[in-house]
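Biologist: Thanks for sitting down with me. Could you walk me through what stands out here, one question at a time?

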Amino acid sequence: MSVSSLAAARHSRALPEREPIRLLFVAAEIQPLAKTGGLADVCGALPQALHEAGEDVRLLMPAYPGALAQLADAQTDIALPGLLPGVDARLLRGRLPGTAIPVWLLDCPALYARDGSLYADAGGTEWSDNAQRFAALSHAAVRLAMGDNAEQWRPQVVHAHDWHTGLVPLLLHFAPEPRPATIFTIHNAAFHGCIALPTARELGVPEAALGCDGAEFYGRCSLLKAGARYADRLTTVSPTYAREIQTPAFGAGLHGLYAARGAALVGIMNGIDERVWNPAVDPHLAAPYSAADREGKRACKRQLQAELGLRQDADAPLAAFASRLTTQKMADTLLHELPALLERHPRLQFALLGRGDAELERGFRALAAEHPRRLAVCIGYREAQAHRLHAGADLLLHGSRFEPCGLVQLYAMRYGAIPVVSRVGGLADSVVDHHGASAAQGTGFVFDRAHGADFAAAVHRGLGVYAARCGAWDALQERAMRRDSGWRNSARQYQTLYREARAPVRVA
Ligand code: ADP
Ligand code: GLC
């Protein structure tokens, strides 16, 4: 051993061991067990980054049939009789597929064994007992966190996500000490999960929490407010969104609370799982490619055009949309602007993969029928096809009226599909506009107001650079692909936060 490495070894022994944090993640959806949107991606990938960084992270989510099927060897951990009045449940324990991370599934067939999506029936109507379904999850998290599990494992920090788990910080706030610290992450401030006050009482919310200084919101109980009010620390998923929600335009009625809690609120940018979203090894693609060698992307474009019945044309700009079909994602604006864009750019092709608002689905289908071989509309939720779409597309059209973080633009950049985005939330934090002095750092096209004309103007700018074939497009594409969107930096910020929260920082 050299002198310098001996010195380094002595030095490292002298440093106090960094104890792993015992951390319980609670969420309604965790990839790959269950997913409807970005919440699942984050709750699947962030724990893996934390686990790799040495933390003792464990997960809890409902035992939906799809999740149970993936954890066929899960064992009963503990029974939870009377979890809610008249509701018996049990915890099953397994591991997140492909990892060593322990997962508890809350098994309660009366609440979770159903067809349809995680939150609604096959026709899109929300389950009428969603309050019970997610209150049960929250109570189970509290029981688990207070040591009710076979191992009597007690987390130091409980990290709860979005309105479904808003009761976790509230219930733990009123739990006897010692209790774990709580962190509540707001992935989307627009979804409150409001329930009637009598229902809240039946679900075990203490009276003391049902005033306007508590979780009450316009005569009801907001589960989002419960989390935001009572968590020891609050986070949201990008720095810009953390500032935006403190304003009336983005706070969905809680901007005052967020501003009052400003000192406890931090925005930490989401990352992406770079093992799953990597065009060099993606099993869904026709050919692999990378930032250094993008030849394979041409084959992916050919494959996508063939798959979707678009004209085979290697040089036609191919723009994509791959999100929930909602007004949040400006899908209505896009539908309105597309006919003029198609007319002005005769070679432009457009491919959509999405599901959501029935009227928007109909509108896009009708437009596709008017533009055969130029416009392909796939209504549905297809993970593998989303990969192929980013790989085959040149541009991603991703306006948002508000965007807490947005993962789709990160996937698109990694796959060399240049995003056209509005300057809000995590879109503003992740995409650098290719314009003027900043062109040399540009990774996409950014527009300022959520207006159709501004959206269309940004698309024209993008198509202009694509058509010019002057090297600028190649440089833009390479920069976008090389952007570091992994979890490492953000996971470090969470690790610091967990350690700070573990110290007594109780909210009053
Ligand atoms: P949000 O969570 O608001 O919908 P994000 O951009 O954070 O937005 O995450 C959306 C996630 O859902 C991404 O992983 C995206 O690929 C996926 N997704 C959205 N719509 C579809 C779809 N129709 N088919 C497949 N994946 C989809
Ligand atoms: C929400 C937001 C989205 C974010 C995702 C994961 O669904 O709408 O912007 O990326 O959560 O945090």
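Modeller: Happy to, and one definition will help us: Ala, Val, Leu, Ile, Met, Phe, Trp, Tyr, Cys and Pro count as nonpolar, Asp, Glu, Lys and Arg as charged, and the others, Gly among them, as polar. Please keep in mind that this is a predicted model.

Biologist: With those classes, how do the residues of the shell around ligand 1 divide?

Modeller: The shell holds 19 residues, and Lys 35, Gly 38, Arg 324, Gly 380 and Leu 407 are the closest. Sorted by class, the shell residues come out as six nonpolar, six polar and seven charged.

Biologist: Which polar side-chain atom lies 2.8 Å from an oxygen atom of ligand 1, and how much of the ligand does the protein bury?

Modeller: The side chain of Asp 41 has an N or O atom 3.2 Å from a ligand oxygen, and a polar backbone atom of Arg 382 is 3.0 Å from a ligand nitrogen. The 2.8 Å contact to a ligand oxygen belongs to a polar side-chain atom of Lys 329. As for burial, ligand 1 taken alone exposes 570 Å², and the share of that buried by the protein is 93%.

Biologist: Which domains each give at least three residues to the shell around ligand 1?

Modeller: Let's start with the elements that give two or more residues: helix 2 (38-52), strand 13 (318-325), strand 14 (349-356), helix 14 (383-392) and helix 15 (408-414). At the domain level, at least three shell residues come from each of domain 1 (18-271 + 489-501) and domain 2 (296-484).

Biologist: On to salt bridges. How far apart in sequence are the parts tied together by Arg 93 and Glu 151?

Modeller: Their side chains meet in a salt bridge at 2.8 Å, N to O, and the structure holds 27 salt bridges. Arg 93 sits in strand 4 (residues 87-95), while Glu 151 is in the loop between helix 5 (130-145) and strand 6 (157-161), so the bridge ties together parts separated in sequence by 58 residues.

Biologist: Which residues are linked with Arg 93 and Glu 151 in a network of salt bridges?

Modeller: Glu 151 is partly exposed, at 46% relative accessibility. Besides Arg 93 and Glu 151, the network includes Asp 56 and Arg 58.

Biologist: Are Lys 301 and Asp 394 buried or exposed?

Modeller: These two side chains form a salt bridge of 2.7 Å, N to O. Lys 301 is in helix 11 (residues 295-308) and Asp 394 in the loop between helix 14 and strand 16 (395-398), so the pair connects parts 93 residues apart in sequence. Buried means under 20% relative accessible area. Lys 301 has 5% and Asp 394 has 6%, so both count as buried.

Biologist: Now the backbone. Which peptide bond is cis, with omega near 5°?

Modeller: Most peptide bonds are trans. A cis bond with omega of about -5° joins Glu 177 and Pro 178, and Pro 178 is in the loop between helix 6 (167-173) and strand 7 (181-186). Pro 32 lies in the loop between strand 1 (22-26) and helix 2, and the cis bond with omega near 5° runs from Gln 31 to Pro 32.

Biologist: Which residue other than glycine has phi near 50°?

Modeller: Most residues other than glycine have a negative phi. Asp 162 has a positive phi of about 60° and is buried, at 7% relative accessibility. In the loop between strand 9 (216-217) and strand 10 (220-222), at an exposed 72% relative accessible area, the residue with phi near 50° is Tyr 218.

How values were computed: Residues numbered from 1 in each chain as written. Chains lettered and ligands numbered in written order. Predicted model: local features only at pLDDT ≥ 70, side-chain atom pairs only at ≥ 80, totals over all residues. Heavy atoms only, no water. Near = heavy atom within 4 Å. Polar contact = N/O pair within 3.5 Å; in protein donor to acceptor, adjacent residues only side chain to side chain. Areas by Shrake-Rupley, 256 points an atom, 1.4 Å probe, with all protein chains shown as cover. Helix = DSSP H or I, 4+ residues; strand = E, 2+ residues; numbered from the N terminus. Domains from an automatic or database assignment. Salt bridge = Lys/Arg side-chain N within 4 Å of Asp/Glu carboxyl O. Buried < 20%, exposed > 50% of the residue type's maximum accessible area, 1.4 Å probe, protein only.
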